[in-house]
Amino acid sequence: MGNYGRLLQDRSFWHSLSFSAIFALSNVVGCYFLGLGLALMLQRDFPGRGLFRVLLLTPWIVPSLVAVVSWRWMVSDNGALANKIIAAFGGDPIYFLSNGNWTIVIVILIKIWVSFPFMMLSLLAALQAVDRSLYEAAEIDGATRWQAFMHVTMPEIRGVSIVLCILMTIWTVNDFDTPWLLARGGPANATENLVVLAYRHTFARNDVGMGATVSFVTLFILMALFLIVMRLTRGGHNAR
Amino acid sequence: MRASRPRWGTTGTMTLIVLVINVPIIMMVLNSFQTTADIRSSTSLIPKSLTVANYVFLGSSTPFFTYLRNSVFNALGAAALSLAAAVPGGYALSRFRTGLLSVYSSALFAVQMFPIILALIPLFILFRAMGLIDNPLSVMIVYAVLNLPFVTWMARSYFDTIPRELEEAGLIDGCNHYSAFFRIVLPLTGPGLAAVSIFAFLMAYNEFFVANVFLRTQQTMTLPVGIQMFMQQFSTDWGSVMAASTLMMVPTLVLFLFVQKFITHGAISGAVKG
(Lines give C-alpha, C1' and ligand atoms only; values in the text may rest on other atoms or scores of the structure.)
Protein backbone atom coordinates (compact mmCIF):
# COMPACT_ATOMS: atom_id res chain seq x y z
CA MET A 1 0.00 0.00 0.00
CA GLY A 2 3.00 2.29 0.40
CA ASN A 3 2.95 3.01 -3.31
CA TYR A 4 -0.55 4.47 -3.07
CA GLY A 5 0.57 6.82 -0.32
CA ARG A 6 3.56 7.92 -2.37
CA LEU A 7 1.33 8.40 -5.35
CA LEU A 8 -1.07 10.73 -3.53
CA GLN A 9 1.83 12.98 -2.53
CA ASP A 10 3.28 12.99 -6.01
CA ARG A 11 2.58 16.22 -7.87
CA SER A 12 3.19 14.64 -11.25
CA PHE A 13 0.35 12.20 -10.50
CA TRP A 14 -2.14 15.00 -9.81
CA HIS A 15 -0.97 16.77 -12.92
CA SER A 16 -1.47 13.60 -15.01
CA LEU A 17 -4.88 13.07 -13.50
CA SER A 18 -6.07 16.56 -14.37
CA PHE A 19 -4.53 16.42 -17.83
CA SER A 20 -6.25 13.07 -18.48
CA ALA A 21 -9.56 14.59 -17.42
CA ILE A 22 -9.13 17.68 -19.61
CA PHE A 23 -7.96 15.53 -22.50
CA ALA A 24 -10.90 13.13 -22.26
CA LEU A 25 -13.54 15.80 -21.70
CA SER A 26 -12.40 18.07 -24.54
CA ASN A 27 -12.07 15.16 -26.91
CA VAL A 28 -15.47 13.68 -26.12
CA VAL A 29 -17.23 17.04 -26.47
CA GLY A 30 -15.25 17.97 -29.59
CA CYS A 31 -15.59 14.72 -31.49
CA TYR A 32 -19.23 14.24 -30.48
CA PHE A 33 -20.37 17.55 -31.91
CA LEU A 34 -18.16 17.33 -34.99
CA GLY A 35 -19.31 13.76 -35.57
CA LEU A 36 -22.97 14.62 -35.02
CA GLY A 37 -22.80 17.62 -37.35
CA LEU A 38 -21.22 15.60 -40.13
CA ALA A 39 -23.58 12.68 -39.56
CA LEU A 40 -26.55 15.04 -39.94
CA MET A 41 -25.11 16.34 -43.20
CA LEU A 42 -24.36 12.84 -44.50
CA GLN A 43 -27.89 11.78 -43.70
CA ARG A 44 -29.21 14.15 -46.34
CA ASP A 45 -29.38 12.96 -49.89
CA PHE A 46 -26.86 14.65 -52.16
CA PRO A 47 -24.59 13.68 -55.06
CA GLY A 48 -21.35 11.98 -53.99
CA ARG A 49 -22.55 11.17 -50.49
CA GLY A 50 -21.07 7.65 -50.34
CA LEU A 51 -17.68 8.93 -51.50
CA PHE A 52 -17.63 11.68 -48.89
CA ARG A 53 -18.50 9.21 -46.18
CA VAL A 54 -15.40 7.18 -47.04
CA LEU A 55 -13.14 10.22 -47.45
CA LEU A 56 -14.10 11.48 -44.00
CA LEU A 57 -12.85 8.26 -42.45
CA THR A 58 -9.16 8.73 -43.33
CA PRO A 59 -8.14 10.33 -40.01
CA TRP A 60 -9.55 7.33 -38.18
CA ILE A 61 -8.08 4.55 -40.33
CA VAL A 62 -4.55 5.84 -40.80
CA PRO A 63 -2.11 4.46 -38.20
CA SER A 64 -1.77 6.67 -35.11
CA LEU A 65 1.85 7.24 -36.03
CA VAL A 66 0.90 8.61 -39.45
CA ALA A 67 -1.75 10.86 -37.89
CA VAL A 68 0.75 12.37 -35.47
CA VAL A 69 3.52 12.73 -38.09
CA SER A 70 1.15 14.55 -40.42
CA TRP A 71 0.23 17.01 -37.67
CA ARG A 72 3.58 17.32 -35.99
CA TRP A 73 5.41 18.86 -38.92
CA MET A 74 2.69 21.50 -39.25
CA VAL A 75 3.46 22.80 -35.77
CA SER A 76 7.03 21.67 -35.29
CA ASP A 77 8.99 24.96 -35.38
CA ASN A 78 8.96 28.47 -36.71
CA GLY A 79 9.33 27.29 -40.33
CA ALA A 80 6.34 24.96 -40.07
CA LEU A 81 3.05 25.39 -41.91
CA ALA A 82 1.07 26.83 -38.98
CA ASN A 83 3.70 29.47 -38.37
CA LYS A 84 3.95 30.34 -42.06
CA ILE A 85 0.22 31.02 -42.00
CA ILE A 86 0.55 33.08 -38.82
CA ALA A 87 3.45 34.99 -40.39
CA ALA A 88 1.39 35.65 -43.53
CA PHE A 89 -1.12 37.46 -41.31
CA GLY A 90 1.72 39.35 -39.67
CA GLY A 91 1.77 37.43 -36.37
CA ASP A 92 4.76 36.25 -34.39
CA PRO A 93 5.68 32.58 -34.62
CA ILE A 94 4.32 30.34 -31.88
CA TYR A 95 6.52 27.55 -30.56
CA PHE A 96 3.66 25.08 -30.24
CA LEU A 97 5.72 22.13 -29.02
CA SER A 98 7.83 23.94 -26.44
CA ASN A 99 4.94 25.71 -24.74
CA GLY A 100 3.01 23.32 -22.49
CA ASN A 101 -0.41 24.91 -22.99
CA TRP A 102 -0.09 24.99 -26.75
CA THR A 103 1.04 21.36 -26.82
CA ILE A 104 -2.07 20.42 -24.83
CA VAL A 105 -4.22 22.23 -27.40
CA ILE A 106 -2.48 20.41 -30.26
CA VAL A 107 -2.81 16.98 -28.60
CA ILE A 108 -6.54 17.57 -28.11
CA LEU A 109 -6.97 18.74 -31.70
CA ILE A 110 -5.19 15.65 -33.03
CA LYS A 111 -7.28 13.38 -30.83
CA ILE A 112 -10.54 14.99 -31.98
CA TRP A 113 -9.36 14.69 -35.58
CA VAL A 114 -8.63 10.99 -35.11
CA SER A 115 -11.80 10.21 -33.14
CA PHE A 116 -14.64 12.05 -34.88
CA PRO A 117 -15.07 9.57 -37.80
CA PHE A 118 -16.02 6.80 -35.38
CA MET A 119 -18.64 9.09 -33.79
CA MET A 120 -19.85 10.15 -37.20
CA LEU A 121 -20.30 6.58 -38.48
CA SER A 122 -22.03 5.34 -35.35
CA LEU A 123 -24.31 8.38 -35.07
CA LEU A 124 -25.15 8.08 -38.76
CA ALA A 125 -26.23 4.49 -38.18
CA ALA A 126 -28.33 5.65 -35.22
CA LEU A 127 -29.90 8.50 -37.21
CA GLN A 128 -30.84 6.16 -40.02
CA ALA A 129 -32.55 3.87 -37.54
CA VAL A 130 -34.92 6.67 -36.42
CA ASP A 131 -38.45 6.02 -37.63
CA ARG A 132 -39.28 8.33 -40.56
CA SER A 133 -42.92 8.57 -39.52
CA LEU A 134 -41.89 10.47 -36.38
CA TYR A 135 -40.57 13.30 -38.56
CA GLU A 136 -43.72 13.29 -40.66
CA ALA A 137 -45.81 13.53 -37.50
CA ALA A 138 -43.64 16.41 -36.28
CA GLU A 139 -44.06 18.17 -39.62
CA ILE A 140 -47.84 17.80 -39.48
CA ASP A 141 -47.80 19.25 -35.98
CA GLY A 142 -46.02 22.27 -37.40
CA ALA A 143 -42.61 21.74 -35.81
CA THR A 144 -39.70 23.69 -37.24
CA ARG A 145 -36.57 21.76 -38.26
CA TRP A 146 -34.83 22.83 -35.08
CA GLN A 147 -37.78 21.66 -32.96
CA ALA A 148 -37.90 18.36 -34.83
CA PHE A 149 -34.20 17.92 -34.15
CA MET A 150 -34.46 18.75 -30.46
CA HIS A 151 -37.65 16.81 -29.73
CA VAL A 152 -37.47 13.91 -32.17
CA THR A 153 -33.88 13.27 -33.18
CA MET A 154 -32.08 13.92 -29.90
CA PRO A 155 -34.32 11.74 -27.66
CA GLU A 156 -34.12 8.96 -30.25
CA ILE A 157 -30.31 8.91 -30.35
CA ARG A 158 -29.81 9.63 -26.66
CA GLY A 159 -29.05 6.03 -25.65
CA VAL A 160 -26.53 5.51 -28.43
CA SER A 161 -24.92 8.87 -27.65
CA ILE A 162 -24.36 7.94 -24.02
CA VAL A 163 -22.78 4.61 -24.93
CA LEU A 164 -20.55 6.29 -27.51
CA CYS A 165 -19.43 8.98 -25.07
CA ILE A 166 -18.57 6.39 -22.41
CA LEU A 167 -16.56 4.36 -24.92
CA MET A 168 -14.77 7.46 -26.16
CA THR A 169 -13.94 8.56 -22.61
CA ILE A 170 -12.41 5.16 -21.87
CA TRP A 171 -10.43 5.13 -25.09
CA THR A 172 -9.15 8.66 -24.56
CA VAL A 173 -8.05 8.03 -20.97
CA ASN A 174 -6.27 4.88 -22.17
CA ASP A 175 -4.62 6.66 -25.09
CA PHE A 176 -0.85 6.44 -25.13
CA ASP A 177 -0.01 6.99 -28.78
CA THR A 178 -1.12 10.58 -29.30
CA PRO A 179 0.61 12.30 -26.35
CA TRP A 180 3.67 10.08 -26.55
CA LEU A 181 4.26 10.35 -30.29
CA LEU A 182 3.61 14.08 -30.39
CA ALA A 183 5.93 15.19 -27.62
CA ARG A 184 6.76 12.18 -25.42
CA GLY A 185 4.41 13.59 -22.80
CA GLY A 186 6.29 16.86 -22.85
CA PRO A 187 7.33 19.63 -22.86
CA ALA A 188 8.35 18.94 -19.25
CA ASN A 189 5.35 16.76 -18.39
CA ALA A 190 2.58 18.96 -19.79
CA THR A 191 0.93 16.25 -21.91
CA GLU A 192 1.77 13.34 -19.63
CA ASN A 193 -1.51 11.50 -19.04
CA LEU A 194 -1.96 8.63 -16.60
CA VAL A 195 -0.93 6.00 -19.14
CA VAL A 196 2.23 7.86 -20.15
CA LEU A 197 3.04 8.33 -16.45
CA ALA A 198 2.60 4.60 -15.80
CA TYR A 199 4.78 3.83 -18.82
CA ARG A 200 7.47 6.23 -17.55
CA HIS A 201 7.49 4.65 -14.11
CA THR A 202 7.65 1.12 -15.47
CA PHE A 203 9.94 1.33 -18.45
CA ALA A 204 12.06 4.45 -17.98
CA ARG A 205 12.45 4.57 -14.19
CA ASN A 206 12.31 0.82 -13.69
CA ASP A 207 9.74 1.26 -10.94
CA VAL A 208 7.26 -1.47 -11.83
CA GLY A 209 5.40 -1.04 -8.53
CA MET A 210 4.57 2.61 -9.16
CA GLY A 211 3.70 1.85 -12.76
CA ALA A 212 1.20 -0.78 -11.68
CA THR A 213 -0.18 1.56 -8.99
CA VAL A 214 -0.85 4.31 -11.51
CA SER A 215 -2.52 1.88 -13.92
CA PHE A 216 -4.72 0.44 -11.17
CA VAL A 217 -5.83 3.92 -10.14
CA THR A 218 -6.68 4.57 -13.81
CA LEU A 219 -8.75 1.41 -13.95
CA PHE A 220 -10.60 2.29 -10.71
CA ILE A 221 -11.41 5.77 -11.97
CA LEU A 222 -12.73 4.41 -15.27
CA MET A 223 -14.82 1.77 -13.54
CA ALA A 224 -16.26 4.29 -11.10
CA LEU A 225 -17.09 6.64 -13.95
CA PHE A 226 -18.73 3.83 -15.88
CA LEU A 227 -20.88 2.79 -12.90
CA ILE A 228 -21.94 6.36 -12.13
CA VAL A 229 -23.00 7.01 -15.71
CA MET A 230 -24.87 3.71 -15.84
CA ARG A 231 -26.68 4.50 -12.58
CA LEU A 232 -27.61 7.99 -13.76
CA THR A 233 -28.97 6.87 -17.10
CA ARG A 234 -30.92 3.88 -15.89
CA GLY A 235 -33.67 6.31 -14.82
CA GLY A 236 -34.25 7.49 -18.38
CA HIS A 237 -35.21 5.15 -21.14
CA ASN A 238 -32.82 2.38 -22.02
CA ALA A 239 -30.15 2.28 -24.69
CA ARG A 240 -31.75 0.91 -27.81
CA MET B 1 -41.00 10.04 -50.91
CA ARG B 2 -40.87 13.30 -52.75
CA ALA B 3 -38.52 13.51 -55.69
CA SER B 4 -36.14 16.42 -55.41
CA ARG B 5 -33.41 17.95 -57.49
CA PRO B 6 -29.86 16.89 -56.57
CA ARG B 7 -28.51 19.08 -53.80
CA TRP B 8 -25.29 20.30 -55.36
CA GLY B 9 -24.97 22.96 -52.68
CA THR B 10 -24.45 20.31 -50.01
CA THR B 11 -21.96 18.55 -52.26
CA GLY B 12 -19.95 21.77 -52.53
CA THR B 13 -19.93 22.35 -48.77
CA MET B 14 -18.96 18.74 -48.14
CA THR B 15 -16.10 18.93 -50.66
CA LEU B 16 -14.70 21.87 -48.74
CA ILE B 17 -15.08 20.11 -45.38
CA VAL B 18 -13.47 16.92 -46.66
CA LEU B 19 -10.53 18.89 -48.07
CA VAL B 20 -9.97 20.82 -44.84
CA ILE B 21 -10.17 17.67 -42.74
CA ASN B 22 -7.72 15.84 -44.97
CA VAL B 23 -5.20 18.71 -45.16
CA PRO B 24 -2.67 17.01 -42.84
CA ILE B 25 -2.68 13.81 -44.90
CA ILE B 26 -2.65 15.57 -48.27
CA MET B 27 0.21 17.84 -47.20
CA MET B 28 2.14 14.87 -45.86
CA VAL B 29 1.90 13.02 -49.16
CA LEU B 30 2.85 16.13 -51.16
CA ASN B 31 5.78 16.87 -48.87
CA SER B 32 7.10 13.34 -49.12
CA PHE B 33 7.96 14.17 -52.74
CA GLN B 34 10.01 17.24 -51.85
CA THR B 35 13.41 17.65 -50.29
CA THR B 36 13.42 18.76 -46.67
CA ALA B 37 15.04 22.05 -47.68
CA ASP B 38 12.20 22.72 -50.14
CA ILE B 39 9.55 21.88 -47.54
CA ARG B 40 11.02 24.39 -45.15
CA SER B 41 11.55 27.20 -47.62
CA SER B 42 8.42 26.85 -49.76
CA THR B 43 5.78 29.51 -49.35
CA SER B 44 3.03 27.93 -51.43
CA LEU B 45 0.95 24.87 -50.70
CA ILE B 46 1.62 23.35 -54.11
CA PRO B 47 5.12 21.88 -54.46
CA LYS B 48 7.38 23.43 -57.10
CA SER B 49 9.47 20.42 -57.98
CA LEU B 50 8.84 16.78 -57.26
CA THR B 51 11.51 14.28 -56.32
CA VAL B 52 11.60 10.68 -55.17
CA ALA B 53 14.88 11.26 -53.34
CA ASN B 54 13.22 10.62 -49.97
CA TYR B 55 11.96 7.23 -51.08
CA VAL B 56 15.35 6.28 -52.49
CA PHE B 57 16.93 7.33 -49.19
CA LEU B 58 14.49 5.09 -47.28
CA GLY B 59 15.43 2.08 -49.36
CA SER B 60 19.18 2.67 -49.40
CA SER B 61 20.09 4.01 -45.96
CA THR B 62 17.35 2.99 -43.54
CA PRO B 63 15.98 -0.40 -42.42
CA PHE B 64 12.54 0.66 -43.68
CA PHE B 65 11.88 -2.59 -45.53
CA THR B 66 12.93 -4.70 -42.55
CA TYR B 67 10.33 -2.81 -40.51
CA LEU B 68 7.74 -3.30 -43.24
CA ARG B 69 8.40 -7.03 -43.39
CA ASN B 70 8.12 -7.31 -39.60
CA SER B 71 4.89 -5.32 -39.58
CA VAL B 72 3.26 -7.48 -42.24
CA PHE B 73 4.49 -10.73 -40.69
CA ASN B 74 3.26 -9.79 -37.19
CA ALA B 75 -0.08 -8.58 -38.46
CA LEU B 76 -0.64 -11.78 -40.48
CA GLY B 77 0.13 -13.90 -37.43
CA ALA B 78 -2.12 -11.78 -35.22
CA ALA B 79 -4.98 -11.93 -37.74
CA ALA B 80 -4.67 -15.73 -37.99
CA LEU B 81 -4.69 -16.12 -34.20
CA SER B 82 -7.64 -13.75 -33.70
CA LEU B 83 -9.65 -15.48 -36.38
CA ALA B 84 -8.94 -18.91 -34.94
CA ALA B 85 -10.46 -17.73 -31.66
CA ALA B 86 -13.20 -15.48 -33.05
CA VAL B 87 -14.81 -17.87 -35.52
CA PRO B 88 -15.79 -20.56 -33.01
CA GLY B 89 -16.46 -17.87 -30.37
CA GLY B 90 -18.67 -15.80 -32.65
CA TYR B 91 -20.50 -18.89 -33.84
CA ALA B 92 -21.20 -20.03 -30.29
CA LEU B 93 -22.45 -16.56 -29.31
CA SER B 94 -24.68 -16.51 -32.35
CA ARG B 95 -26.27 -19.94 -31.86
CA PHE B 96 -26.30 -20.86 -28.20
CA ARG B 97 -27.46 -19.29 -24.92
CA THR B 98 -25.74 -20.59 -21.81
CA GLY B 99 -24.49 -19.03 -18.59
CA LEU B 100 -20.88 -19.56 -19.60
CA LEU B 101 -21.43 -17.76 -22.88
CA SER B 102 -22.90 -14.67 -21.26
CA VAL B 103 -19.89 -14.58 -18.93
CA TYR B 104 -17.63 -14.82 -22.00
CA SER B 105 -19.59 -12.06 -23.69
CA SER B 106 -19.19 -9.66 -20.77
CA ALA B 107 -15.53 -10.67 -20.41
CA LEU B 108 -15.05 -9.51 -24.00
CA PHE B 109 -16.60 -6.17 -23.12
CA ALA B 110 -14.22 -5.88 -20.17
CA VAL B 111 -11.22 -6.51 -22.45
CA GLN B 112 -12.49 -3.75 -24.70
CA MET B 113 -12.17 -1.12 -21.97
CA PHE B 114 -9.26 -2.59 -20.04
CA PRO B 115 -6.29 -0.22 -19.95
CA ILE B 116 -3.63 -1.98 -22.05
CA ILE B 117 -0.88 -0.60 -19.83
CA LEU B 118 -2.23 -2.59 -16.91
CA ALA B 119 -1.83 -5.84 -18.85
CA LEU B 120 1.48 -4.81 -20.38
CA ILE B 121 3.34 -4.51 -17.07
CA PRO B 122 2.82 -8.11 -15.88
CA LEU B 123 3.09 -9.39 -19.46
CA PHE B 124 6.44 -7.67 -19.84
CA ILE B 125 7.77 -9.41 -16.74
CA LEU B 126 6.28 -12.73 -17.84
CA PHE B 127 7.53 -12.49 -21.42
CA ARG B 128 10.98 -11.46 -20.23
CA ALA B 129 11.17 -14.60 -18.14
CA MET B 130 10.02 -16.65 -21.13
CA GLY B 131 12.50 -14.99 -23.48
CA LEU B 132 9.71 -13.54 -25.63
CA ILE B 133 10.97 -9.94 -25.63
CA ASP B 134 12.02 -9.02 -29.17
CA ASN B 135 10.11 -12.03 -30.38
CA PRO B 136 7.26 -11.46 -32.86
CA LEU B 137 5.21 -14.08 -31.02
CA SER B 138 4.82 -11.71 -28.05
CA VAL B 139 3.03 -9.00 -30.01
CA MET B 140 1.01 -11.52 -32.02
CA ILE B 141 -0.43 -12.98 -28.82
CA VAL B 142 -1.22 -9.57 -27.33
CA TYR B 143 -2.81 -8.32 -30.57
CA ALA B 144 -4.92 -11.45 -30.86
CA VAL B 145 -6.33 -10.80 -27.38
CA LEU B 146 -6.84 -7.08 -27.97
CA ASN B 147 -8.62 -7.76 -31.26
CA LEU B 148 -10.79 -10.47 -29.80
CA PRO B 149 -13.86 -8.40 -28.75
CA PHE B 150 -14.21 -6.53 -32.01
CA VAL B 151 -13.45 -9.54 -34.18
CA THR B 152 -15.74 -11.89 -32.24
CA TRP B 153 -18.69 -9.47 -32.34
CA MET B 154 -18.18 -8.88 -36.01
CA ALA B 155 -17.96 -12.62 -36.76
CA ARG B 156 -21.05 -13.13 -34.66
CA SER B 157 -23.01 -10.58 -36.67
CA TYR B 158 -22.21 -12.55 -39.86
CA PHE B 159 -23.24 -15.87 -38.32
CA ASP B 160 -26.48 -14.19 -37.25
CA THR B 161 -27.34 -13.58 -40.90
CA ILE B 162 -27.24 -17.32 -41.71
CA PRO B 163 -30.64 -18.90 -41.06
CA ARG B 164 -30.60 -21.67 -38.49
CA GLU B 165 -32.81 -23.79 -40.77
CA LEU B 166 -29.87 -24.44 -43.09
CA GLU B 167 -27.95 -26.24 -40.37
CA GLU B 168 -31.06 -28.06 -39.22
CA ALA B 169 -31.54 -29.34 -42.75
CA GLY B 170 -27.94 -30.51 -42.70
CA LEU B 171 -28.43 -32.25 -39.36
CA ILE B 172 -31.44 -34.12 -40.73
CA ASP B 173 -29.39 -35.19 -43.74
CA GLY B 174 -26.85 -36.80 -41.41
CA CYS B 175 -24.33 -34.05 -40.64
CA ASN B 176 -23.13 -33.71 -37.08
CA HIS B 177 -22.70 -30.23 -35.54
CA TYR B 178 -19.12 -29.91 -36.73
CA SER B 179 -19.68 -30.92 -40.31
CA ALA B 180 -22.79 -28.71 -40.44
CA PHE B 181 -20.58 -25.82 -39.33
CA PHE B 182 -17.69 -26.54 -41.69
CA ARG B 183 -19.71 -27.52 -44.77
CA ILE B 184 -22.71 -25.23 -44.54
CA VAL B 185 -22.12 -22.20 -42.34
CA LEU B 186 -18.45 -21.48 -42.98
CA PRO B 187 -18.63 -21.36 -46.80
CA LEU B 188 -21.62 -18.99 -46.59
CA THR B 189 -19.87 -16.58 -44.24
CA GLY B 190 -16.63 -16.61 -46.25
CA PRO B 191 -16.74 -12.98 -47.49
CA GLY B 192 -17.75 -11.65 -44.08
CA LEU B 193 -14.97 -13.55 -42.36
CA ALA B 194 -12.49 -12.29 -44.96
CA ALA B 195 -13.49 -8.76 -43.95
CA VAL B 196 -13.11 -9.68 -40.29
CA SER B 197 -9.58 -10.95 -40.87
CA ILE B 198 -8.65 -7.81 -42.80
CA PHE B 199 -9.80 -5.70 -39.85
CA ALA B 200 -7.75 -7.85 -37.49
CA PHE B 201 -4.75 -7.42 -39.80
CA LEU B 202 -5.21 -3.64 -39.96
CA MET B 203 -5.48 -3.19 -36.21
CA ALA B 204 -2.23 -5.10 -35.70
CA TYR B 205 -0.48 -3.35 -38.59
CA ASN B 206 -1.39 0.11 -37.27
CA GLU B 207 -0.59 -0.58 -33.63
CA PHE B 208 2.20 1.30 -31.87
CA PHE B 209 2.04 1.01 -28.08
CA VAL B 210 2.40 -2.75 -27.61
CA ALA B 211 5.06 -3.06 -30.30
CA ASN B 212 6.97 -0.21 -28.68
CA VAL B 213 7.12 -2.12 -25.40
CA PHE B 214 8.00 -5.59 -26.67
CA LEU B 215 10.08 -5.02 -29.80
CA ARG B 216 13.27 -3.25 -28.88
CA THR B 217 15.90 -4.19 -31.48
CA GLN B 218 16.07 -3.01 -35.05
CA GLN B 219 15.71 -6.53 -36.45
CA THR B 220 12.31 -7.03 -34.84
CA MET B 221 10.81 -3.51 -34.88
CA THR B 222 7.61 -2.81 -36.76
CA LEU B 223 6.98 0.26 -38.88
CA PRO B 224 5.37 2.55 -36.26
CA VAL B 225 8.18 1.86 -33.78
CA GLY B 226 10.85 2.22 -36.43
CA ILE B 227 9.48 5.45 -37.85
CA GLN B 228 9.10 6.85 -34.35
CA MET B 229 12.81 6.14 -33.67
CA PHE B 230 13.59 7.71 -36.99
CA MET B 231 11.57 10.80 -36.09
CA GLN B 232 13.53 11.21 -32.84
CA GLN B 233 16.89 10.73 -34.56
CA PHE B 234 16.36 12.86 -37.65
CA SER B 235 13.84 15.22 -36.17
CA THR B 236 14.50 17.81 -38.84
CA ASP B 237 14.53 15.49 -41.84
CA TRP B 238 10.79 15.81 -42.46
CA GLY B 239 11.03 14.69 -46.10
CA SER B 240 12.13 11.15 -45.21
CA VAL B 241 9.85 10.86 -42.18
CA MET B 242 6.89 11.78 -44.35
CA ALA B 243 7.93 9.42 -47.13
CA ALA B 244 8.11 6.59 -44.60
CA SER B 245 4.69 7.50 -43.17
CA THR B 246 3.17 7.76 -46.63
CA LEU B 247 4.48 4.33 -47.60
CA MET B 248 3.24 2.90 -44.34
CA MET B 249 -0.22 4.31 -44.95
CA VAL B 250 -0.63 2.77 -48.43
CA PRO B 251 -1.46 -0.82 -47.37
CA THR B 252 -3.84 0.53 -44.71
CA LEU B 253 -5.78 2.63 -47.21
CA VAL B 254 -5.88 -0.08 -49.89
CA LEU B 255 -7.10 -2.78 -47.52
CA PHE B 256 -9.59 -0.41 -45.95
CA LEU B 257 -11.15 0.35 -49.32
CA PHE B 258 -11.86 -3.37 -49.70
CA VAL B 259 -13.63 -3.67 -46.37
CA GLN B 260 -15.19 -0.24 -45.83
CA LYS B 261 -18.61 -1.33 -47.04
CA PHE B 262 -18.69 -4.05 -44.37
CA ILE B 263 -18.16 -1.52 -41.61
CA THR B 264 -21.68 -0.09 -41.39
CA HIS B 265 -23.53 -3.35 -41.02
CA GLY B 266 -20.67 -5.00 -39.18
CA ALA B 267 -19.46 -4.55 -35.68
CA ILE B 268 -20.13 -0.88 -35.13
CA SER B 269 -23.83 -0.92 -35.84
CA GLY B 270 -24.02 -4.27 -34.07
CA ALA B 271 -22.22 -3.04 -30.98
CA VAL B 272 -24.06 0.25 -30.82
CA LYS B 273 -27.56 -0.94 -31.55
CA GLY B 274 -26.99 -3.84 -29.17
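**Order of elements, chain A**

I read the elements of chain A from the N terminus on, and the run is α-α-α-α-α-α-α-α-α-α-α-α-α. I tallied the secondary structure of chain A as 13 helices and 0 strands. I note here that this is a predicted model.

**Extent and burial, chain A**

I took the span of the C-alpha trace of chain A along its principal axes, which is about 65 × 50 × 30 Å. Chain A has 240 residues, and 42% of them count as buried. I then looked at contacts in chain A between residues at least 6 apart in sequence; 69% of these join residues at least 24 apart.

**Helix 2 and helix 7, chain A**

I looked up how helix 2 (residues 11-43) of chain A meets helix 7 (residues 100-128) of chain A. Their axes come within 6 Å and cross at roughly 45 degrees. I therefore enter helix 2 of chain A and helix 7 of chain A as oblique to each other. I sorted the residues of this contact by class and got 17 nonpolar, 7 polar and 1 charged. For the handedness, I have helix 2 of chain A passing helix 7 of chain A in a right-handed crossing.

**Chain B**

I turned to chain B and found 15 helices and 0 strands. The C-alpha trace of chain B spans about 75 × 70 × 30 Å along its principal axes. Of its 274 residues, 38% count as buried. I repeated the check on sequence separation: among contacts in chain B between residues at least 6 apart, 78% join residues at least 24 apart.

**Helix 5 and helix 8, chain B**

I picked out helix 5 (residues 64-95) of chain B and helix 8 (residues 136-160) of chain B, which pack at an angle of about 40 degrees with their axes 6 Å apart. That angle makes helix 5 of chain B oblique to helix 8 of chain B. I count 17 nonpolar, 9 polar and 2 charged residues in the contact of these two helices. The crossing of helix 5 of chain B past helix 8 of chain B is right-handed.

**The nonpolar core**

I asked which residues have the most contacts inside the largest nonpolar core. They are B:V196 and B:V210, in a core of 127 residues. The largest share of this core, 15 residues, comes from helix 7 of chain A. I followed up B:V196 and, leaving out residues up to four places away in sequence, found that B:V196 touches B:L83, B:A86, B:V151, B:M154 and B:A155.

**Contact between the chains**

I listed the residues that form the contact, with 54 from chain A and 45 from chain B. On the side of chain A that touches chain B, I find 38 nonpolar, 11 polar and 5 charged residues.

**A:L81**

I chose A:L81 for a closer look; A:L81 lies in helix 6 (residues 81-88) of chain A. Is A:L81 buried or partly exposed? I count 19 C-beta neighbours inside 10 Å, so A:L81 is entered as partly exposed; the cut-off for a buried residue is 20 or more. Not counting residues up to four places away in sequence, A:L81 touches A:M74 and B:M27. I also took the C-alpha to C-alpha separation of A:L81 and A:W71, which is 9.8 Å in space for 10 residues in sequence.

Terms used:
Residues numbered from 1 in each chain as written. Chains lettered and ligands numbered in written order. Predicted model: local features only at pLDDT ≥ 70, side-chain atom pairs only at ≥ 80, totals over all residues. Contact = placed C-beta atoms within 7 Å. Nonpolar A, V, L, I, M, F, W, Y, C, P; charged D, E, K, R; others polar. Axes fitted to C-alpha atoms, helices over the stretch in contact; angles between N-to-C directions. Helix = DSSP H or I, 4+ residues; strand = E, 2+ residues; numbered from the N terminus. Parallel < 35°, antiparallel > 145°, perpendicular 65-115°, else oblique. Left-handed = near helix turned anticlockwise from the far one by under 90°. Buried ≥ 20, exposed ≤ 12 C-beta atoms within 10 Å, placed from the backbone. Core = buried A, V, L, I, M, F, W, Y, C linked by C-beta atoms within 7 Å.
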